[in-house]
Every structure is written in structure tokens, then in C-alpha cells.
Amino acid sequence: MVDLIENESPNTGREGALSFSEPAWLEGEEETMALWVKWRGTWLAGIKCVRADCPLLTLKAKPTHEQKNYFVIFFPHTKKYSWANMLLVRPIDEFPQPTAYETHQEALEIVKDLTVVRRFTMQDLALSILYTLDQLHSHALVETACDVMVWKELAMKASSCNAYSDLGRMLLKLQNSIALRYISADWINSSFDTWAERCRNVNGGSIRCG
């Protein structure tokens, strides 16, 4: 389940409260960035995600309120994604109160590595691929795929993926490990070519196993 950060007062709770009426600093910013997010009255440090790093289930859970703008926030301390109303975020170099941390530096340490979003998304996808393999009955695999060393090699590749295209190639290898008699002929005839092309050209976290 994806959280929705909504219905908070934009007031920072201190004198000279920041205005949320014109968050110009966010306009047109399609990039990963650290920021503050107000959650249940407390400011948390999070990372704004680009679309490519958002899991498919998170994208499908996007709020549909026409009058509000939302984007995905990843919280490194909980490893969770949330949709946040853009009026409830502030630049990470500001000092809103109250926060969930003893010092501003503590918050900065949590979000200083912006690559954690992509690495976590890719790791989660790789584990999903391995889980799919593990659920297959041994009879559904071609003979060479039943070798323990093949599984170990696949697990090692999954843990060392550096790009979404690496995961796409893993999915193609997984498909080639399944005996044809266990694959729907209709899917092969009508969908396989499109799916394989998407695997070869995947550039985001919304990749699927089929």
C-alpha cells in the first residue's frame, strides 16, 4: 500500500512561516532531490523521485485530485514510497519546525545519497524476478535451468545490476528458462515480441515480468 501525504497545514509552526502558495522552486524540476515533507504535523527528510525510479504499483496509486499536484517521495529510513501534495514540501536547506530529528545535520545525512532510490528500486525488482523463478515448478524449467550453478549465477547478476536494462535482460533470460509447453501460445503469438522489446529497452522501475 502506498501512503498519501495530504491534508496537512502548510504552516511551519514558527514565526515567519513559509508560504506554500507558489512553490516556484519545484516548477519544472524533473530530477531526484532531497527535501522536507510534512507528515502528521512533523517534517521528515525524504527524496523526490523521478518517474523512472518509481515502482509500477506506486505509479498506479497516484491520486487523481484535479486541483492538486503530487509527486513520489522515497523515505530512506523506512524504505517506503509515498505520494505527497507539492504544497507540503520544502527545500532541504530550510529549517522548518518541528522535525523528526535532533539536528538539521542528522536529516541531511539521511538524504545525502540520492542514488539510494534507484538502488533500492532495482534491488526490489531483482528480488521479485528471483522470487518468480523460485515459484516455478522444476518441471516448468528447461533442463539447463535446473542446474544449481545457473541459479547462483542469476542471483549474483541480480545483486550486481547497475541499470534497469540489466534487469530487462534478466527477465529475457528467465523467459528462456521456462519450457515452451508451460507458456501460453496466445501470449507468445500476440504479446511476446512487444514484451521482449520492452525488456530490451526498459529504462525505469515499472518493468514487469509479463
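**Strand pairing, helix α3 and salt bridges in a predicted model**

Strands β4 (residues 70-75) and β5 are paired in the antiparallel sense, with six bridges between them. The description given here refers to a predicted model. At one end of the pairing, F75 of β4 lies opposite K80 in β5. The two strands make up a hairpin in which four residues separate β4 from β5. One of the residues in this turn, K79, has a positive phi of about 60°. Strand β5 covers residues 80-85, and five of its six residues are buried, so the strand is largely enclosed by the rest of the structure.

The hairpin belongs to a protein with seven helices and six strands. Along the sequence, these elements follow the pattern β-β-β-α-β-β-β-α-α-α-α-α-α. The protein has 210 residues, and buried residues make up 40% of them. The accessible surface amounts to about 12500 Å², and carbon and sulfur atoms account for 52% of this area. Among contacts with a separation of 6 or more, 69% are between residues 24 or more positions apart.

Helix α3 was examined for its length and for its buried residues. This helix runs over residues 116-135 and has 20 residues. At 1.5 Å a residue, α3 should span 28 Å, and the distance of 28 Å between its end C-alpha atoms agrees with that value. The buried residues of α3 include V116, V117, F120, T121 and M122. Further along the helix, L125, A126, I129 and L133 are buried as well.

One of these residues, V117, was considered in more detail. V117 is located in helix α3 and has a relative accessible area of 1%. Residues under 20% count as buried, and V117 is therefore placed in that class. Apart from neighbours within four places in sequence, V117 is in contact with I47, C49, D53, F74 and Y81. Of these partners, F74 falls within the residue range of β4, while Y81 falls within that of β5. The contacts of V117 thus link helix α3 to the hairpin described above. V117 and V50 are 67 residues apart along the chain, and their C-alpha atoms are separated by 9.4 Å.

Charged side chains were considered next. Side chains of opposite charge can pair when their charged atoms come close. The structure holds six salt bridges, and three of them are described here. In one, the side chains of R119 and D113 meet with an N to O distance of 2.4 Å. Both residues are partly exposed: R119 has a relative accessible area of 47%, and D113 has one of 32%.

Another salt bridge joins the side chains of D166 and R169, also at 2.4 Å from N to O. Both residues are in helix α5 (residues 164-176), and because they are three residues apart, about one helical turn separates them. R169 is partly exposed, with a relative accessible area of 47%.

In the salt bridge between E197 and R200, the closest N and O atoms are 3.3 Å apart. These two residues are three positions apart in helix α7 (residues 192-201), so about one helical turn lies between them. E197 is partly exposed at 40% relative accessibility, and R200 is partly exposed with a relative accessible area of 48%.

Notes. Residues numbered from 1 in each chain as written. Predicted model: local features only at pLDDT ≥ 70, side-chain atom pairs only at ≥ 80, totals over all residues. Heavy atoms only, no water. Buried < 20%, exposed > 50% of the residue type's maximum accessible area, 1.4 Å probe, protein only. Pairing = 2+ DSSP bridges. Salt bridge = Lys/Arg side-chain N within 4 Å of Asp/Glu carboxyl O. Expected span 1.5 Å × (residues − 1). Contact = heavy atoms within 4.5 Å. Areas by Shrake-Rupley, 256 points an atom, 1.4 Å probe, with all protein chains shown as cover.
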